[in-house]
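Here is a friendly walk through one protein model. Please have the sequence and the 3D view open as you read.

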Amino acid sequence: MLVAPHVSAAARTAPDPVIHHGGTGQERPTGAASPTFFREPREELFLLAIGNFVSQKTFYEGGRERDSRYARLVGALALEDPVWTAGLLRWLRGEGNMRTASLVGAAAYVRARLEAGASGGPSNRSVIDSVLRRADEPGELLAHWISEYGRKVPQPVKRGVADAVRRLYSSRSLLKYDTPSREFRFGDVLNLVHASPDPEKPWQGALFRYALDRRHHPETAVAPASDRLLSAHRALTELPVEERRAVVAGPGGAERLAGAGMTWEALAGWLQGPMDAVAWEAVIPSMAPMALLRNLRNFDAAGVSDAVAAGVAARLSEPAEVARSRQFPFRYLAARRHAPATRWAEPLERALGHALANVPALPGRTLVMVDRSDSMFWDTVGERSKLTRADAAAVFGAALAMRAEQADLVEFGWSSAVVPFAAGERVLDVLGRFHSLGGTHTATALRARYEGHDRVLIVTDEQAADRGLGGATEPVPAGIPVYTWNLAGYESAHGPAGPHRHTFGGLTDAAFRMVGLIEAGRDAAWPWTVDPTP
C-alpha cells in the first residue's frame with residue numbers, strides 16, 4: 001500500500017486544522033495561518049480509496065462530501081491515466097480488500113469515460129468485471145449505478161456484469177446471496193444484463209432459469225432435479241418443523257446441513273427457534289472464518305463444547321486459513337473484545353500474528369509513533385464497526401515495535417508518552433496501555449522523542465495541529481527515512497513529499513512489504529505495479 005515517494009505535495013497557506021478548545025480536549029478549526037500540504041491527485045485518490053468505507057462520515061469530512069471527492073478523483077484520473085486507475089480499482093478489490101469502494105470506483109471510472117467519449121486503455125467492460133469478486137456484487141453494482149446515474153445502464157456495464165455473473169453464479173452462491181432482503185435478486189440481474197450461461201458450465205442454464213423463477217414465480221419455482229445441492233436444500237425446507245431439530249442432532253446432521261448449503265444465518269429461521277449448542281455444533285464445520293469470528297460470543301452463550309471450540313480455535317489460527325480469509329488484522333481485536341472467554345485469547349493472538357505476517361523485523365533503532373488524538377477515536381474503521389482508527393493504529397504500531405530489533409513505541413496527542421512492552425508479549429495485551437491524548441501535536445512529539453533513530457514510522461490520520469513551514473516531520477533530519485501510515489485518506493498531508501519521506505495507507509499489513517524494498521534501496525512503486533519479492 002505504498003504511495004510512490006516521487007510525487008509532490010504543495011504547501012499552501014490555509015487555516016491550521018486544530019486547537020484545544022474550551023478545555024474539552026477536542027480538535028477544532030482555527031483561523032491561524034499555517035501551511036497545508038496538498039497531495040498529487042494519484043496519491044490523494046490512493047489514500048482516500050484504501051481508507052474509504054463508502055458513505056461513512058469522518059471527523060473532518062462528511063460522508064457525502066467524502067464520496068463526492070472519491071468519485072471526482074476517480075473520474076478525473078480515468079481520463080488522465082486510465083491504466084493506473086484501472087489497476088488501482090482491481091487491486092483495491094483484491095489485495096486491498098475494499099469491496100464497496102472498488103465497486104463505486106469502477107462505476108465512476110466507466111461513467112467518466114463514457115461521458116468524455118474516451119478510448120484506449122483498459123476497456124470499461126473489463127474494469128467492471130475486475131471488481132466483482134462475490135456473487136452478490138453484480139446486483140450491488142447495478143443498484144448503485146441506477147441510484148447514482150439513472151435507470152439507463154450502458155452496454156459496457158451490462159457486459160462486464162454479465163462476465164462476472166457467468167463466473168460467480170452457482171447453486172451455492174444462489175442459496176447464500178439470492179435472498180428476499182436483497183435490492184437486486186439474481187433474477188433481476190439476469191433480466192437486466194441478459195447473461196448467457198458459460199459454455200463450460202452445462203448446469204448453469206438450468207440454474208439461471210431457476211433464479212428467474214425464484215424471483216418472478218416463487219410459489220411454483222422448482223430447483224433443477226440434476227442439482228444435488230438445491231435438491232438437498234429443498235428436501236430440508238420441506239421437512240415438518242417439529243422434525244428439524246432431530247435431523248440436526250442426529251447422525252450425519254452436520255454433513256446434511258453442509259450438503260444442502262444451509263448457512264448459519266438461515267439455520268435459525270429454518271429451525272424456527274433458538275440456536276442452541278447442538279445447532280451451532282452442527283453448522284460450525286461449514287462456517288467461513290469471518291462467520292466464526294463474529295459468533296465466538298454466541299458459541300459461549302449457547303454452551304458450545306470445549307472440544308468443538310478447540311476446532312474453531314485451530315481453524316482461526318491456522319496460517320493458511322488466515323491468509324485465505326483475508327481478514328483485516330483489527331478484526332481479531334474486535335473478536336477478542338466481543339468474546340472475552342479465555343479459550344479464545346491464545347488462538348486470536350496467533351491469528352493476529354499471521355494476519356500481520358508482512359510486518360518486518362526492522363534492524364537498528366526504530367521510533368514508532370502512534371496517533372491518539374480525538375479524531376482517531378471519533379472515526380471508526382467501518383460503518384458498522386465499533387473499532388476506531390485509534391484501535392487499528394495501536395495494533396499496527398505495537399506489532400511494528402515488537403518485531404523490530406530495537407524500538408521505542410510512543411503514543412502522542414497534546415502530549416506524548418512511551419508505551420512499554422516486553423519481548424514475547426501478546427500484541428493484544430499491549431493495546432491496553434494506550435490512552436486518549438487530545439489534539440495532534442506530531443512535530444512536538446517528534447522533537448521530544450526522536451533521538452538518533454535509524455527510521456521513524458508514524459501511524460496517523462495526518463491532521464496535525466503544529467505543522468511548521470517544513471511540516472510535521474521537520475524535526476527528523478532530512479536523511480532519516482520517515483514512513484507515514486495514513487489511516488484516513490484526508491485531502492491534506494502533514495508534511496511535504498520528498499526523498500526519505502514516504503506515505504502509506506490502509507487497514508491491512510500489505511504496505512509493510514514495501515518498507516523492506518525501500519530499506520533495501522530498490523525503487524518504490526504502486527503495489528499493483530511491482531513484484532514485492534526482493
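Leaving aside neighbours within four places in sequence, Leu168 is in contact (heavy atoms within 4.5 Å) with Leu132, Arg133, Arg134, Ala135, Pro138 and Ser173. One of these partners, Arg134, is 34 residues away along the chain, and its C-alpha atom is separated from that of Leu168 by 6.6 Å. Leu168 belongs to helix 7 (residues 155-168). Helices (H or I, at least four residues) and strands (E, at least two) are DSSP runs, numbered from the N terminus. With a relative accessible area of 15%, Leu168 is buried; buried means under 20% relative accessible area, exposed over 50%, and partly exposed in between, using a 1.4 Å probe and protein chains only.

A word on what you are looking at. This is a predicted model, in which local features need pLDDT of at least 70 and side-chain atom pairs count only at pLDDT 80 or more, while totals for chains, interfaces and linings use all residues. Residues are numbered from 1 along each chain as its sequence is written, and side-chain values use heavy atoms, with hydrogens and water left out.

Now for the whole chain. The protein chain holds 26 helices and 10 strands, and buried residues account for 56% of its 534 residues. Of the contacts between residues at least 6 apart in sequence, 71% join residues at least 24 apart.

Next, the strands. Strand 7 (residues 455-460) runs parallel to strand 8, with five bridges joining them. Strand 4 (residues 365-371) also pairs with strand 7 in the parallel sense, over five bridges; two strands pair if DSSP finds at least two bridges between them. Ile458 of strand 7 has Met369 opposite, and its bridge partner in strand 8 is Thr484. Thr460, in turn, has Asn486 of strand 8 as bridge partner.

How enclosed are these strands? Six of the six residues of strand 7 are buried, so the rest of the structure largely encloses it. The same reasoning holds for strand 8 (residues 482-486), where five of the five residues are buried, so it too is largely enclosed. The table lists the buried residues on each face.

| Strand | One side | Other side |
|---|---|---|
| Strand 7 | Arg455, Leu457, Val459 | Val456, Ile458, Thr460 |
| Strand 8 | Val482, Thr484, Asn486 | Tyr483, Trp485 |

Arg455 deserves a look of its own. This residue lies in strand 7 and counts as buried at 4% relative accessibility. Its side chain makes a polar contact of 2.7 Å with that of Thr366. A polar contact is a pair of N or O atoms within 3.5 Å; within protein, one must be able to donate a hydrogen and the other to accept it, and residues adjacent in sequence count only if both atoms are side-chain atoms.

Finally, a helix pair. Helix 20 (residues 330-338) and helix 21 (residues 345-355) pack at an angle of about 170°, with axes 9 Å apart. That makes helix 20 roughly antiparallel to helix 21, a label for angles over 145 degrees. Tyr332, Ala335 and Arg336 of helix 20 make the contact with Ala345, Leu348, Ala351, Leu352 and Ala355 of helix 21.

Notes:
Axes are lines fitted to C-alpha atoms, for helices over the stretch in contact, and angles run from 0 to 180 degrees between N-to-C directions. Angles under 35 degrees count as roughly parallel, over 145 as roughly antiparallel, 65 to 115 as roughly perpendicular and the rest as oblique.
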